[in-house]
Structures are given as C-alpha cells and as structure tokens.
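Okay, thanks for making time, everyone. I'd like to walk you through one chain today, going from the overall layout down to a few residues.

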Amino acid sequence: MDLEKNDMIMRCEKLNSVATLTRQLKHCLREQNTPNAEPGLLHKNEILTAKVGTTVESVMQRFNERIEKMNKKPRKNSVLAIDFVFTASPKALHKKSLKERREYFIDCVKWFGEKVGAENILTAVIHRDESGGEHAHFHCIPICIFWLIMNTHSGRW
Ligand SMILES: [Mn+2]
C-alpha cells in the first residue's frame, strides 16, 4: 500500500515486568474487557501471527522459551518486551480498501521482523474494533541486536 511517509505512525511502550506484558497481551488478544472497543466489531480483528499463538498462554509460553534459550536471566527491571503500535493517519487510512490496509500492516510486520528478528516477535494483531481507529500491535522481545540497530540509526528508523 502506498502511503506518504508523514502519514505513517509508530509508537512503542516498554514493558518491564511479566505482569505488564501479560496485561498488554490480554488487551491485545481481547482476553479482558476493553472499554473503548465495540464488541460487535470484535470479529474484524485479525491475528497476523496465528502460527505463533493466539492466546495469552501460548504467547507467554513462546516468551518463556525464548528467554530460556538466551542462557542468561534478564536483569531485574530490564525491559522484557516492547509493545509497538503501527498505524497511519485516519485521513490516509480512510482512502484505502480493507485489502490495502491489511497489506500495509503485513508490510509493517515484515519490515519489523527484519529489524528485530522474526524469532523475537510475540504477536502481530490488527485491532479494528477500537474507537481510536485501526492499528496493529506488535509485541517483541528486545534482544541486543535490536538495540544495536536502534543505536546505529541514532534512535531513528
Ligand atoms: Mn489496541
């Protein structure tokens, strides 16, 4: 999907504890009540990473396995995961069809996988039921290569 650079939006939130990660995943996978979501639109949400897990339990299992593989326990208070939100300006999204918008989010997850390593992606979920507009959550585990990339670009992508 063609989008002007200025229309693309990405923001992120660091998650410092298993409890915060679990809470964010519950939001993401709608395992808890979401006040700003419309229940009638729930079926429009889409999990792009269904293969890696569609429940908080399966995603947490993937998270634990990945951490175990590192042979090193995360330090206390370290960032365990990051919730990235990808979206675009409402003006730009409105002009696009559902197919085009889905392609945009799939392009985003491909690009994101190249940056953080596909094995570090926990979820990629499109939300279409929230009042704030269509967006996708990508949760990832920040393994060090990720920070190297961030530093190389001086924090800019
Ligand atoms: Mn959301």
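One cut-off before anything else: I call a residue buried if 20 or more other C-beta atoms lie within 10 Å of its own C-beta, which is placed from the backbone. Keep in mind that this is a predicted model. With that cut-off, strand 5 comes out mostly covered, since 5 of its 6 residues are buried. For the chain as a whole, buried residues make up 24% of the 157 residues.

So, the layout. We have 5 helices and 5 strands, and along the sequence they follow the pattern β-α-β-α-β-α-α-β-β-α. If you take the contacts between residues at least 6 apart in sequence, 76% of them join residues at least 24 apart.

Now the sheet. In what order do the 5 strands sit? The order is 1-3-5-4-2, in an open sheet with antiparallel pairing. Strand 1 and strand 2 are at the edges with a single partner strand each, so each of them has one side without a neighbour in the sheet. As a quick reminder, strands of a sheet pair through backbone hydrogen bonds.

Let's stay with strand 5 for a moment. On one side, strand 3 pairs with strand 5 in the antiparallel sense, over 5 bridges, and there you'll find Val85 opposite His137. Strand 4 also runs antiparallel to strand 5, and 6 bridges join the two. In that pairing Thr123 stands opposite His139, and Ala124 stands opposite Phe138.

Next, what lies across the sheet? Helix 4, residues 98–116, lies across strand 3, strand 4 and strand 5, and runs at about 20° to strand 5. Helix 1 lies across strand 1, strand 3, strand 4 and strand 5, but its angle to strand 5 is about 150°. Those angles are between N-to-C directions, if you want to redo them.

Let me zoom in on helix 1. Which of its residues are buried? They are Leu21, Gln24, Leu25 and Cys28. Looking down the axis of helix 1, these buried residues fall within an arc of 100°, so they line one face of the helix. As for what they pack against, that's strand 1 (8–15), helix 2 (56–69), strand 3 (81–88), strand 4 (121–127) and strand 5 (135–140).

Just after helix 1 there's a backbone detail for the torsion people. Arg30 follows the helix with a positive phi, near 55°, and this is a residue other than glycine. Arg30 is in the loop between helix 1 (18–28) and strand 2 (46–47). Is Arg30 buried, exposed or partly exposed? It's partly exposed, because it has 15 other C-beta atoms within 10 Å, which falls short of the 20 needed for buried.

Last stop, the core. The largest nonpolar core has 28 residues, and those with the most contacts inside it are Ala81, Phe105, Cys108, Leu122, Ala136, Phe138 and Cys140. Helix 1, helix 2, strand 3, helix 4, strand 4 and strand 5 each give two or more residues to this core. Helix 4 gives the largest share, 6 residues. To pick one residue from that core list, Cys108 touches Phe86 and Ala136, leaving aside residues up to four places away in sequence. And Phe138, which is also on that list, is the residue we met opposite Ala124.

That's my tour, so over to you for questions.

Conventions
Residues numbered from 1 in each chain as written. Predicted model: local features only at pLDDT ≥ 70, side-chain atom pairs only at ≥ 80, totals over all residues. Helix = DSSP H or I, 4+ residues; strand = E, 2+ residues; numbered from the N terminus. Buried ≥ 20, exposed ≤ 12 C-beta atoms within 10 Å, placed from the backbone. Contact = placed C-beta atoms within 7 Å. Arc of directions from axis to C-beta. Pairing = 2+ DSSP bridges. Axes fitted to C-alpha atoms, helices over the stretch in contact; angles between N-to-C directions. Core = buried A, V, L, I, M, F, W, Y, C linked by C-beta atoms within 7 Å.
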